[in-house]
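Please open the structure in your viewer and keep the selection tool at hand, since this tour moves from one selection to the next.

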Amino acid sequence: MTVEGTTERVLRLLALLQERPSWTAPELAARLGVTDRSVRRDVERLRALGYPVHAAPGVGGGYQLGAGTRLPPLLLDDDEATATAVSLRLATGGTVAGAGEAALRALAKLDQVMPPRLRAEVRAVHGATDTLVGPGVEIDSEVLVTLARACRDAVRVRFQYASRGSHQRERTVEPVRMVTTGRRWYLMARDIDRDDWRTFRLDRMHDVVATTWRFQPTEHPDPAAYVQRSVAEAPYRYLARIRLHASPDQVRQLVPPQVGRVEDGDDEDGRDGWCLLIFGADDLDWIVMHVALLGFEAEVLEPPELREAAAVVARRLAAMAETPPPDHRAAQ
């Protein structure tokens, strides 16, 4: 038998061992169309490759694939591949920490080797399925897969992008990494036209195409920190810096990373137990109410006009707390 034939048979043997806990040598020989001796040789080939195949002698014994130091290649039939791909697509929008990103990497690998006919079936199932999730923006999984591959392979991406308050424009970027806040997905990339790092919301991307232009990865900012700073501070009219009498962990439990950035540090007088909250907004009253609802003692550092806005809101709240006028209907 040729080397190709032997390799194919060994892969078929590995697939059979993954189907159920134990096989006898005659059962494997019958399924593979070979002798028991050939089965034993193929088992030794798998062991040489690092896959622990255990053999139990006697009645009820047989070959069993054990847990090894690395994951063996999973050989999936059509139904298994379709089910796995559908599950991974749904998991990319899940709420389990880290699961979405891991599912996206696995989906990119599976999608790359999946036959076109199976890929079409997966898209059909995904397109006919709705998922009840928390508030957020739904992202086309094809966009996620395209960008994941581009980040992995270091190839430029071209797409139409709708900036806030402007028309769509074509952008060409060198992608580095995607970051999700739980509600939205963002891409950190170097914008070719602007020759600078930029953050792009995936729900504003259209006609995403990975080009054949490979680029040499260069030193870049930390993607998670860069995206957090961009989405929490950059797009807004006002950038607030508030000192709070609370630990950073206490504030982070109440302020999502896409809303604000929390930094360690005591206040200027050296008092312990303070931290710094930095976030942006277009409305000063919204900043005041948001900080007040956190329930911590707060000091405004910037901007100066935020103090006046806080004073105005305080007067309004004080007026609301005054004794209401008598009920004229009750008096009558």
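The tour below begins with the nonpolar core, goes on to salt bridges and ends with surface patches.

Before selecting anything, bear in mind that this is a predicted model.

**The nonpolar core**

Begin with L147, F159, M178, L187, L202 and M205, which touch the most other members among the 21 residues of the largest nonpolar core. To see where this core comes from, colour α5 (99-113), α7 (141-153), β3 (155-162), β4 (168-180), β5 (185-191) and β7 (205-214), the elements that each give two or more residues to it. The largest share, five residues, is contributed by α7. As background, nonpolar side chains in soluble globular proteins tend to be buried together.

**Salt bridges**

Which residues should you select to see a network of salt bridges? Choose R156, E174, R190 and D195, which are linked in this way. The structure holds 18 salt bridges, and three further selections show individual pairs.

Select D42 and R45, whose closest N and O atoms are 2.5 Å apart in a salt bridge. Both belong to helix α3 (residues 36-48), and because they are three residues apart there, about one helical turn separates them. Is D42 buried or exposed? D42 is buried, with a relative accessible area of 0%, whereas R45 counts as partly exposed at 36% relative accessibility.

Move next to R261 and E263, whose side chains meet in a salt bridge with an N to O distance of 2.2 Å. Here R261 is buried, its relative accessible area being 12%, while E263 is partly exposed, with a value of 28%.

Then select R198 and D196, a salt bridge in which the closest N and O atoms lie 3.2 Å apart. In this pair R198 is partly exposed at 29% relative accessibility, and D196 is partly exposed as well, with a relative accessible area of 37%.

**Surface patches**

Now switch to a surface view and select E19, D77, D79, E80 and E121, which form a negative surface patch. Within this selection, D77 sits in the loop between β2 (62-65) and α4 (78-91), and D77 is partly exposed, with a relative accessible area of 42%.

For the last stop, select M289, L317 and M320, which make a nonpolar surface patch of about 310 Å². To place this patch in the fold, follow helix α11 (residues 305-321), in which L317 lies; the relative accessible area of L317 is 42%, so L317 counts as partly exposed.

Conventions. Residues are numbered from 1 along each chain as its sequence is written. This is a predicted model: local features need pLDDT of at least 70, side-chain atom pairs count only at pLDDT 80 or more; totals for chains, interfaces and linings use all residues. Side-chain values use heavy atoms; hydrogens and water are left out. Patches are made of residues with over 30% relative accessible area and no salt bridge: like charges are joined within 9 Å, nonpolar side chains (Val, Leu, Ile, Met, Phe, Trp, Tyr) within 5 Å. Accessible areas come from the Shrake-Rupley method with a 1.4 Å probe; for residues, only the protein chains shown count as cover. A salt bridge is a side-chain nitrogen of Lys or Arg within 4 Å of a carboxyl oxygen of Asp or Glu. Lys and Arg count as positive and Asp and Glu as negative; His and the chain ends are not counted. The place of a charge is taken as NZ of Lys, CZ of Arg, CG of Asp or CD of Glu. Helices (H or I, at least four residues) and strands (E, at least two) are DSSP runs, numbered from the N terminus. Buried means under 20% relative accessible area, exposed over 50%, partly exposed in between (1.4 Å probe, protein chains only). A nonpolar core is a set of buried Ala, Val, Leu, Ile, Met, Phe, Trp, Tyr and Cys residues joined through side-chain atoms within 4.5 Å.
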